[in-house]
Amino acid sequence: GHGQKWHGDVDFTYDIDGDHCKLNYIGMDVCVDLTPKLVHKHGQPMLKDYGRSWVYVYLPQLTIDKVKSYAKAGTGWEVSDEGFIGDPNHKLVAIEANLNHQCGEEPSFWDIQDQDASGGRGSISSSRIGSVQEVTAYSHQQRIHRGFGIFSVSMEVEGTPNCKPTPGTWDEAKLCFTLVSVRAWGITERVAPIVYAPSKWH
């Protein structure tokens with residue numbers, strides 16, 4: 001029927017010391033936006049559930065192009081730009097990353113510290129500050145954090161939910177990202193945050 005979607009999880013094959021390992025996650029260098037968002041005059045947030053069920057994540061256009069090409073090579077589907085907001089001036093793309101918000105399943109936020117100025121191996125330590133939702137509530141953490149994000153990825157195609165569609169039709173697949181964990185190593189001032197619903201750019 002109209003408006004129905006088929007969902008499928010995407011896994012990734014990594015070459016780890018010569019072994020091919022299939023994982024349900026992808027890791028990317030990203031900026032995670034925990035900055036406060038605008039509210040309507042009546043006190044309602046303009047971006048509903050921001051920081052609780054989703055956040056903006058900014059990453060280089062080159063990275064998103066690579067992920068799209070991996071998805072096409074592995075599944076045969078062309079990936080649409082739906083859900084991606086481009087900033088061509090800075091060659092960045094913003095994606096809406098879902099956050100699990102069931103108790104016990106929230107994504108972890110880790111702070112990475114360099115223990116040793118010489119940068120020797122083993123000099124980096126990380127400590128878990130809390131879930132992304134908890135960290136978003138701390139006013140001193142309401143910034144854009146640079147770091148490494150780990151995501152699960154699923155694919156959405158128009159069609160019947162229980163019948164896997166065949167690539168090559170006129171439809172494109174949409175990629176959906178869920179943030180599983182962030183390892184943050186600092187604040188960046190170089191990325192302008194989105195403060196209310198942006199216009200979609202393709």
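**Strand pairing, burial and surface features of the predicted model**

At 61% relative accessibility, Lys-91 counts as exposed. In this predicted model, Lys-91 is located in the loop that lies between S6 and S7. The backbone of Lys-91 has a phi near 55°, which is a positive value in a residue other than glycine. The loop belongs to the hairpin of S6 and S7, in which four residues separate the strands.

The overall architecture gives the setting for this hairpin. The protein contains eleven strands and two helices. In sequence order, these elements follow the pattern β-β-β-β-β-α-β-β-β-β-α-β-β. The protein has 202 residues, of which 37% are buried. Among contacts with a separation of 6 or more, 72% are between residues 24 or more positions apart. The exposed area of the protein is about 12,300 Å², and 50% of this area is supplied by carbon and sulfur atoms.

Strand S7 was examined together with its pairing partners. S7 spans residues 92–99 and is mostly covered, with six of its eight residues buried. In a regular strand, side chains alternate between the two faces of the sheet. S7 pairs with S5, S6 and S11. The pairing with S5, which comprises residues 54–60, is antiparallel and extends over seven bridges. Within this pairing, Leu-92 of S7 is the bridge partner of Pro-60. Strand S6, formed by residues 84–87, is also antiparallel to S7 and is joined to S7 by four bridges. Here Ala-94 in S7 stands opposite Ile-85. The pairing of S7 with S11, residues 174–187, is parallel and consists of two bridges. Leu-99 and Leu-179 stand opposite each other, with Leu-179 in S11.

Strand S10, residues 144–158, contains Ile-150. Ile-150 has a relative accessible area of 23% and is therefore partly exposed. When residues up to four places away in sequence are not counted, Ile-150 touches Tyr-25, Ile-26 and Gly-27, as well as Thr-178, Leu-179, Val-180, Ser-181 and Arg-183. Leu-179, one of these contacts, is also the residue in S11 that stands opposite Leu-99. The C-alpha atoms of Ile-150 and Val-182 are 6.4 Å apart, although the two residues are 32 positions apart in sequence.

Ser-154 is likewise located in S10. Its relative accessibility is 18%, and Ser-154 is therefore counted as buried. The cut-off for this class is under 20% relative accessible area, so Ser-154 at 18% falls within it, whereas Ile-150 at 23% does not. Outside its neighbours within four places in sequence, Ser-154 is in contact with Gly-8, Asp-9 and Val-10, and also with Lys-174, Leu-175 and Cys-176.

Cys-176, a contact of Ser-154, has a relative accessibility of 13% and is thus buried. Cys-31 is buried as well, with a relative accessible area of 12%. A disulfide is a covalent bond between the sulfur atoms of two cysteines. With a cut-off of 2.5 Å between cysteine sulfur atoms, zero disulfides are counted in the model.

The loop between S4 and S5 was considered next. Asp-49 is placed in this loop and has a positive phi near 65°, in a residue other than glycine. The relative accessibility of Asp-49 is 30%, and Asp-49 therefore counts as partly exposed. Met-46 is found in the loop between S4, residues 25–33, and S5. With a relative accessible area of 32%, Met-46 is partly exposed. Met-46 contributes to a nonpolar surface patch of about 320 Å², which also includes Leu-38, Val-195 and Tyr-196. Residues in such patches must have over 30% relative accessible area, and Met-46 meets this cut-off at 32%.

Notes
Residues are numbered from 1 along each chain as its sequence is written. This is a predicted model: local features need pLDDT of at least 70, side-chain atom pairs count only at pLDDT 80 or more; totals for chains, interfaces and linings use all residues. Side-chain values use heavy atoms; hydrogens and water are left out. Buried means under 20% relative accessible area, exposed over 50%, partly exposed in between (1.4 Å probe, protein chains only). Two strands pair if DSSP finds at least two bridges between them. Contact means heavy atoms within 4.5 Å. Patches are made of residues with over 30% relative accessible area and no salt bridge: like charges are joined within 9 Å, nonpolar side chains (Val, Leu, Ile, Met, Phe, Trp, Tyr) within 5 Å. Accessible areas come from the Shrake-Rupley method with a 1.4 Å probe; for residues, only the protein chains shown count as cover. A salt bridge is a side-chain nitrogen of Lys or Arg within 4 Å of a carboxyl oxygen of Asp or Glu.
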